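Please open the structure in your viewer and keep the sequence beside it, since this tour moves from one selection to the next. At each stop, take a moment to look before reading on.

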Amino acid sequence: MKFFVDTADVDAIRELNDLGFVDGVTTNPSLIAKSGRDILEVTKEICDMVEGPVSAEVVATEYEDMIAEGRKLAEIAPNIAVKVPLTLDGLRACKTLTGEGKMVNVTLCFSANQALLAAKAGATFISPFIGRLDDINLDGLELIADIRQIYDNYGYETQILAASIRGANHMSDCAKIGADVATAPPAVIKAMANHVLTDKGLAAFLADAEKAGIKIV
Ligand code: E4P
């Protein structure tokens, strides 16, 4: 499973990139706003740092405007994936932009039917939002499994990009189901390394090493 990092914080991306954990980046208007930076400038900096796809989202809601914004975003760098919302205008924009050879990430997906339409529109990525479904007592992981089954039934090449990930367990759960990609905030990706038994075991090993006077260099 590929790891995308869900942030527009360039320092956080750099730190994870240096660890080899960044296969791509996703941003959205809320994350760009949180960065306090100009969308074109910060997105360019991210694209220069990361080899994989960098999702940048349109803010228009009408087809023509989405196309204009999508084309402008795609000019930033060859690794831009234009992010469009899962509306009929967004799906139409997806079809046009993928027809021009651009990567498109269809976002705000909350149902298997929506994911089916995105695949038919030729989306490069579909972004089902797990956490936001869980927030309203629906099952986000069940949606990932349903989309996996549907895409496999028909050989759709659209990649399932599990989004709105809230905790480290979501990452392994998505990997078990077979999501192609999971995008998570930097803190969640780092939290995947944590285990209480690792901490406890390391403390015991270090105490024994000190007692025995073990020195390596
Ligand atoms: C995905 O592309 C979105 O940016 C993101 O995962 C949304 O997550 P949230 O529900 O935590 O805002």
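Which residues does Lys83 touch, not counting residues up to four places away in sequence? Select Lys83 in this predicted model, and show the side chains around it: Lys83 touches Thr26, Thr27, Asn28, Ser55, Ala56, Glu57, Val58, Asn105 and Thr107, once residues up to four places away in sequence are set aside. Lys83 sits in strand β4, which covers residues 80-85, and with a relative accessible area of 4% this lysine is buried. The UniProt record, in an unreviewed entry, places the feature "active site" at Lys83.

**The whole protein**

Zoom out now and colour by secondary structure, so that the 11 helices and 8 strands of the protein can be followed along the chain. Along its principal axes, the C-alpha trace spans about 70 × 40 × 30 Å. Of the 217 residues in the protein, 46% are buried, and the protein exposes about 11300 Å², with carbon and sulfur atoms supplying 54% of that area. If you turn on contacts, those between residues 24 or more positions apart account for 58% of the contacts with a separation of 6 or more.

**Helix α8**

Next, select Leu141, which is placed in helix α8, residues 140-154. Leu141 has a relative accessible area of 18% and is buried, because the limit for that term is under 20%. Leaving out residues up to four places away in sequence, Leu141 touches Ile130, His170, Asp173, Cys174 and Ile177. Keep Leu141 selected and add Asn28, one of the residues that Lys83 touches: Leu141 and Asn28 are 113 residues apart in sequence, and their C-alpha atoms are 22 Å apart in space.

**The cysteines**

Cys174, among the residues touched by Leu141, leads to the next selection, the cysteine sulfurs. How many disulfides does the structure hold? The structure holds 0 disulfides. Cys109 is in no disulfide, and the nearest cysteine sulfur, that of Cys94, is 12 Å away. For Cys174, the closest cysteine sulfur is the one in Cys109, at 13 Å, which is too far for a bond because a disulfide needs the two sulfur atoms within 2.5 Å. Cys109 is buried, with a relative accessible area of 0%, and Cys174 also counts as buried, at 0% relative accessibility.

**Two backbone angles**

Now show the backbone and select Leu108, which is found in strand β5, residues 103-109. Although Leu108 is not a glycine, it has a positive phi of about 65°, and at 32% relative accessibility Leu108 counts as partly exposed. Then move to Ser164, found in the loop between β7 (159-162) and α9 (168-177). Ser164 has a positive phi of about 55° and is not a glycine; is Ser164 buried or exposed? With a relative accessible area of 9%, Ser164 is buried.

**A surface patch**

For the last stop, display the surface and select Ile214, Ile216 and Val217, which form a nonpolar patch there, with about 440 Å² of accessible area together. Val217 lies in the segment after α11, the helix of residues 196-212. At 99% relative accessibility, Val217 counts as exposed, whereas Lys83, where the tour began, is buried at 4%.

How values were computed: Residues numbered from 1 in each chain as written. Predicted model: local features only at pLDDT ≥ 70, side-chain atom pairs only at ≥ 80, totals over all residues. Heavy atoms only, no water. Buried < 20%, exposed > 50% of the residue type's maximum accessible area, 1.4 Å probe, protein only. Patch = residues over 30% accessible without salt bridge, like charges linked within 9 Å, V, L, I, M, F, W, Y side chains within 5 Å. Areas by Shrake-Rupley, 256 points an atom, 1.4 Å probe, with all protein chains shown as cover. Salt bridge = Lys/Arg side-chain N within 4 Å of Asp/Glu carboxyl O. Helix = DSSP H or I, 4+ residues; strand = E, 2+ residues; numbered from the N terminus. UniProt positions renumbered as here; feature names shortened; annotations may be inferred. Contact = heavy atoms within 4.5 Å.
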